[in-house]
Structure formats: structure tokens, C-alpha cells
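Me: I would like to go through this model one point at a time. Please give the reasoning before each value or name.

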Amino acid sequence: MSDNTNCSIVAKKTLVHRASTKVSSKTNKHSFTKKSSTSTKNTNLSSKPRSVQVNSMAAINRNFRDKGFSRDTRKLLRASWRSGTKQDYTSKFKKFNCWCSERKKDPYSANLADCADFLTSLYTSGLQYRTIAGYRSMLSSLLSPIDNIPIGQHPYISRLLKGVFNSRPPKVKLVPEWDLHKILDMLQKSPFEPLREAEIKFVTYKVIFLTAITTFRRCSDLQALRIGEGFVNVQSRGITFLRPGLSKQDRQNHYGSKIFVPCFKDNKKLDPKRAIAIYLKRTEKVRKDEGKLFLSLVKPFKPVSSQTIARWIVNTFKMAYGEDDFF
């Protein structure tokens with residue numbers, strides 16, 4: 001169910017170079033069983049509820065502004081959320097806003113019972129525990145604390161999520177068993193070898209797979225790899241990449257880790273360093289000064305997304321096992 005609703009090329013490429021605060025003037029001090037007159041005034045809005053900002057960052061900025069933070073400070077505070085989190089919260093807040101509008105409630109003045117009912121509605125609609133927990137995080141970030149406790153940490157909300165977990169435990173999917181040697185054997189034969197003559201699709205699949213299994217990095221990290229000066233260093237023992245930007249796992253006390261692709265001199269057909277060098281040579285004419293390492297297989301040969309890289313890895317599995325046998 002969707003969360004969103006409608007309300008030497010090597011040398012040429014320099015490989016030789018080495019929150020929340022009070023939003024309303026009304027306070028949200030309510031329990032599950034008793035609502036004050038203030039609650040009634042806040043939730044029983046007119047038949048046409050006032051327009052609200054459904055962008056999550058706009059809602060967060062409003063909280064920070066009401067707290068008295070300057071514009072520059074608010075900008076840095078908003079930057080504490082990664083772009084992916086911002087997009088996720090915007091989608092989730094839009095759904096919360098639609099839920100409130102249907103009940104003629106102000107989303108910024110939602111009380112504890114409103115938040116609990118919203119999360120319960122997600123459960124009754126069939127959403128899983130992890131998805132509902134994501135909505136709890138969104139509410140906790142965008143709305144004011146209740147009883148001086150962030151919404152997501154309130155004892156009643158915590159108990160509600162525990163009830164969701166017990167009533168609908170997360171589903172565990174078994175990962176299909178696979179044999180690395182089977183795939184490596186395939187990569188040493190046609191259509192992957194000889195690599196300099198192979199179809200570019202198979203060259204790409206092989207480079208992606210070898211890079212993935214030798215670096216143990218996420219597809220998003222592989223997608224971000226660049227080949228320009230300052231981002232890569234070639235040594236006899238392998239290639240070291242410096243990932244631009246932040247990885248998903250990067251934190252204040254752990255960031256900027258290098259990505260090392262080793263050289264396998266004993267088996268050139270499985271040498272990821274060799275594969276990368278040949279890949280760069282084969283894609284030289286379509287790069288157009290593009291700094292990203294991995295490019296699309298079709299015109300205009302733009303940098304690929306992490307989802308595309310993941311699909312290429314899956315396609316490599318399918319070639320080794322057959323789609324029916326592996327999936």
C-alpha cells in the first residue's frame with residue numbers, strides 16, 4: 001500500500017593520479033479519555049478547514065520560527081534531516097493532513113488522541129509495523145510535545161506501537177540461497193569474456209557485481225563513485241575511491257570512509273581493477289566529461305541510480321540461476 005495520497009583511458013580519467021516546539025497558542029494537554037474545552041475548540045473547525053502547509057520542512061520551519069530561531073539557524077536545523085528523510089516526511093505529513101482535513105481538525109493542533117487514532121487508522125488500513133513506526137517519527141518531528149514529551153516517545157504512543165507489533169508482527173522474508181562460485185564461474189565465460197569484446201551490457205554487469213562483492217558497500221555508494229581527480233587513486237594493489245557526499249551510514253563521528261577495490265593478480269578474469277579499466281575504455285566515447293563511474297546502457301548514457309545498480313546485480317543472479325529457479 002502506498003504511503004502517498006492525492007488530498008590509457010585510465011590515465012585520461014585521472015586514474016593514474018594518485019524539534020519541535022509549541023505551534024499553537026493553545027497547549028495540547030489531553031488524555032485518551034478526556035478532552036478539554038481547548039481541544040474541542042481546536043478540533044471542531046469549520047466545514048472548510050483552514051489551508052495548511054503540507055510540506056514537512058515548512059511545518060518544521062514553522063515550529064523553529066515560533067521558537068524564536070533566526071532564519072540562518074532554522075536553515076541549519078532543517079539541514080539535520082537528510083534529503084531522503086525530508087521527502088519521506090513530506091509524503092507522510094501529506095497523508096496526516098488529509099486524515100485531519102476529513103475530520104475537520106487542525107493537524108498542527110492535533111492532541112494525543114488524534115495522533116493515536118491516526119496511527120490506528122494506518123493499522124486498520126493494513127500497513128505494517130515498520131511503516132507505522134515511520135509515521136510516528138514524522139509526528140514526533142513535526143508536532144509539539146504533549147505533556148512535555150515528544151509524541152513518538154509518549155507512553156501511550158509507545159504502548160500503541162507495541163500493540164501494533166504484537167498484533168501484526170513484521171514479516172520476515174527468506175533470502176534465496178545462492179552460490180558465489182556459481183556466479184563467478186559464469187563471469188569467466190561467454191558472454192562476459194573476453195571482456196574487451198563482450199557486449200557493453202555484460203561488461204557493466206560484471207564490473208558492478210565484482211565491485212559490489214569486493215567492497216561490501218551499498219548500491220547508493222556504488223552509484224556515487226566518481227573518476228575525476230581527487231576522487232580516485234590507483235595503486236598496484238587496487239583502486240581507492242573517495243565517495244563524494246554522505247553515505248547512509250555516515251554520522252558526525254564516522255564519515256568519509258574510503259572505498260577500496262582490490263586487484264586480483266592471480267585471476268585476471270575476476271580482477272575488479274582490470275574490469276573497471278576495461279569498462280572505462282569501452283565507455284570512453286559516451287562519457288562526455290561525465291564524472292560518475294557507472295553510466296546507463298542507453299542514450300544519452302547518463303549516470304544511473306542506485307535502483308538501477310541493484311537491478312543489474314539481480315539480473316546477474318538471474319543469468320546464473322534462471323529467473324524461475326532463483327526467484
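Me: Which residues touch the most other members of the largest nonpolar core?
Reply: This is a predicted model, in which local features need pLDDT of at least 70 and side-chain atom pairs count only at pLDDT 80 or more, while totals for chains, interfaces and linings use all residues. Residues are numbered from 1 along each chain as its sequence is written, and side-chain values use heavy atoms, with hydrogens and water left out. A nonpolar core is a set of buried Ala, Val, Leu, Ile, Met, Phe, Trp, Tyr and Cys residues joined through side-chain atoms within 4.5 Å; buried means under 20% relative accessible area, exposed over 50% and partly exposed in between (1.4 Å probe, protein chains only). The largest such core has 40 residues, and the members that touch the most others are Ile183, Leu187, Phe241, Ile276, Leu293 and Phe294.

Me: Which element gives the most to this core?
Reply: Helices (H or I, at least four residues) and strands (E, at least two) are DSSP runs, numbered from the N terminus. At least two core residues come from each of α9 (180–187), α10 (200–215), β1 (232–235), β2 (238–242), β3 (258–262), α12 (272–282) and α13 (306–321). With 8 residues, the element that gives the most is α10.

Me: How many residues are in the other core?
Reply: Another core lies apart from the one just described, and its members include Tyr89, Cys100, Ala116 and Leu142. Its residue count is 31.

Me: What is Phe241 in contact with, leaving aside its neighbours within four places in sequence?
Reply: Contact means heavy atoms within 4.5 Å. On that basis, and without those neighbours, the partners of Phe241 are Leu225, Arg226, Ile227, Phe231, Val232, Lys258, Ile259, Val261, Ile276 and Leu293.

Me: Is Thr240 buried or exposed?
Reply: Thr240 is placed in strand β2. Its contacts, again without neighbours within four places in sequence, are Phe231, Val232, Asn233, Gln235, Lys258, Ile259 and Phe260. Its relative accessible area is 13%, so Thr240 is buried.

Me: At what angle do α5 and α7 pack?
Reply: Axes are lines fitted to C-alpha atoms, for helices over the stretch in contact, and angles run from 0 to 180 degrees between N-to-C directions. The axes of α5 (residues 83–102) and α7 (residues 129–142) are 10 Å apart, and the packing angle is about 85 degrees. That makes the two helices roughly perpendicular, the term for 65 to 115 degrees.

Me: Which residues of α5 make the contact with α7?
Reply: On the α7 side, the residues are Thr131, Gly134, Tyr135, Ser137, Met138, Leu139, Ser141 and Leu142. On the α5 side, they are Tyr89, Lys92, Phe93, Lys95 and Phe96.

Me: Where is the cis peptide bond with omega near 5 degrees?
Reply: Most residues other than glycine have a negative phi, and most peptide bonds are trans. One cis bond joins Ser190 and Pro191, with omega about 10 degrees, and Pro191 lies in the loop between α9 and α10. Pro300 is in the loop between α12 and α13. The cis bond with omega near 5 degrees runs from Lys299 to Pro300.

Me: What is the relative accessible area of Asn148?
Reply: Asn148 sits in the loop between α7 and α8 (155–167). Its phi is positive, near 65 degrees, in a residue other than glycine. Asn148 counts as exposed because its relative accessible area is 77%.

Methods
Parallel < 35°, antiparallel > 145°, perpendicular 65-115°, else oblique.
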